[in-house]
Amino acid sequence: MLYQRSSQLFVEASKVIPGGVNSPVRAFKAVGGTPIFVKEAKGAYLFDEDGNKYIDYINSWGPMILGHAHEAVVNAVIERAKLGTSFGTPTALETKIAELAVAMVPNIDKIRFVNSGTEACMSAIRLARGYTKRDKIIKFSGCYHGHSDSFLIAAGSGLSTFGIPNSPGVTEGTAKDTLLANYNDIENVKALFEANKDEIAAVIIEPVAGNMGCIPPKADFLNQLRSLCSQNGTLLIFDEVMTGFRLAKGGAQELFGIQADIICFGKVIGGGLPVGAFAGRDEIMNYLSPLGPVYQAGTLSGNPLAMAAGLQMLTELNNDPELFKRLDEKTAYLEKGMHEVLSNNGVAFTINRVGSMISVHFDKDPVYDFNTAKNGDNDTFKKFFHELLKKGIYIAPSAYETWFITDALSYEDLDYTIQCVDEVSQNL
Ligand code: PMP
């Protein structure tokens, strides 16, 4: 494969955009080399500026669950654009997507749309703080909830990729209100509750972590978290930016049968346009401005193009009763195939998977939290990444990211991928 044009574009981009990218992990810094510049995409495939074709296992970091350039979603955007691209007034479209989301997701009465997952999580904790009249929050090491100040403390994703424990620019005052717990460690959470009695507004968690690779919650961990929050008058926030509309119609709440108090969305809910949302029961959501005192706003929130894409996406998911089963089967097939070839080739690895979220860690021991995720062999990952890329398989350029499986993948694509993993792992 040639990356000549991408390399040249990266040089040009780096002169006018910090690091040449608008979001850090895209820069390939963790794996070395220059990022591929994508020209277009269709279904399960990406095509770069050099004319290379890739099977895509990132899928815009989650949104493209039905594949790239999905015809109905693209058409919805085109038709809507002809009517004007932004009004800053309410539209009927916003109510339609809100009604559908409320019908698909358990336990929510109202939903507010924003422009990114970051905004959704940031607004959710403000709401939780306003509602409970408390300041502190608990987050889990290795979980990523976007780049707003309160969350940039032992966050996963790009911060782990670049080894940044705390971002400069986050004040001590802000950092002191964010308490850290270990994922899957309920005793740790209990100790924090005891040490901070009546002070904790919310616990925010990725119900399946996807920002330190994919890490499933241990049996009963989320249930125990639910009970602890209820006992302490603390709100449980599920950050379903990755898991929402991906693990099931109703996301992780439905999959695990657990009800959170506020649920954050992003990625799939926007069908590939910039959308986030947060939702909950009436009593909590009515605390938001203009009904209540907690302020939150956005010039482009509920933007008609974004809402048209999101509505079409949710409609497609809602009308396809077999979709989530199909995604689970495809991902299980990939898991089984990779497991076989990696084992046969004597590689030390762990594969974690929940539904269509999956990741390979180069460590033979179980990976269940941020510390165990860090044990993975990064040099092996780098080689794995680049050798797969050369064969036209595009996985996330960091060991701290989950892969997202799209329904556009065929079993031939999966077989080819397993064959490539076999070839690559013979020389890891
Ligand atoms: N929460 C989670 C769980 C995420 O994975 C992400 C982004 N990957 C975010 C929040 C932030 O979303 P955005 O990048 O849209 O701001």
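A residue is called buried if 20 or more other C-beta atoms lie within 10 Å of its own, exposed if 12 or fewer, and partly exposed in between, with C-beta atoms placed from the backbone. Keep that in mind for the first stop. You are looking at a predicted model, in which local features need pLDDT of at least 70, side-chain atom pairs count only at pLDDT 80 or more, and totals for chains, interfaces and linings use all residues. Residues are numbered from 1 along each chain as its sequence is written.

**Stop 1: Leu311**

Select Leu311, which is found in helix α11 (residues 304-318). Helices (H or I, at least four residues) and strands (E, at least two) are DSSP runs, numbered from the N terminus. Leu311 counts as buried because 23 C-beta neighbours lie inside 10 Å. Now add Leu93, Lys96, Ile97 and Leu100: Leu311 is in contact with these, leaving aside its neighbours within four places in sequence. Here, contact means that the C-beta atoms of two residues, placed from the backbone, lie within 7 Å. Ala76 is worth showing too, as it is 235 residues from Leu311 in sequence and 8.8 Å away in space, C-alpha to C-alpha.

**Stop 2: the sheet**

Next, colour the strands in the order β4-β10-β9-β8-β7-β5-β6, and you have an open sheet of seven strands with mixed pairing. Two strands pair if DSSP finds at least two bridges between them. Which strands stand at the edges? They are β4 (110-114) and β6 (178-181), each with a single partner strand, so one side of each is left without a neighbour in the sheet. Zoom in on β8 (residues 235-239) and β9 (residues 262-265), which pair in the parallel sense over three bridges. There, Asp239 stands opposite Cys264 in β9.

**Stop 3: two helices across the strands**

Show helix α7 (residues 186-195) and helix α8 (residues 221-231), which pack at an angle of about 10° with their axes 10 Å apart. Axes are lines fitted to C-alpha atoms, for helices over the stretch in contact, and angles run from 0 to 180 degrees between N-to-C directions. The two helices, α7 and α8, are therefore roughly parallel to each other (angles under 35 degrees count as roughly parallel, over 145 as roughly antiparallel, 65 to 115 as roughly perpendicular and the rest as oblique). Select Ile186, Val189, Lys190 and Phe193 of α7 with Phe221, Gln224, Leu225 and Leu228 of α8 to see the contact. Now bring the strands back: α7 lies across β5 (136-140), β6 and β7 (200-205), running at about 150° to β6. In turn, α8 lies across β7 and β8, running at about 145° to β8.

**Stop 4: backbone details**

Most residues other than glycine have a negative phi, and most peptide bonds are trans. Try Asp220, in the loop between β7 and α8, where phi is near 75°, a positive value. Is Asp220 buried or exposed? Asp220 is exposed, with 11 other C-beta atoms within 10 Å. Lys267, in the loop between β9 and β10 (276-280), has a positive phi near 50°, but Lys267 is buried, with 26 other C-beta atoms within 10 Å. Then move to Ser289 and Pro290, joined by a cis peptide bond with omega about 10°. Pro290 has its place in the loop between α10 (282-285) and α11.

**Stop 5: the ligand**

Finally, select the ligand, which 17 residues surround; the closest are Ser116, Gly117, Thr118, Gly146 and Val241. A residue is near a molecule or strand if its C-beta atom, placed from the backbone, lies within 6 Å of it. Helix α4 (residues 117-132) gives the largest share of this shell, three residues.
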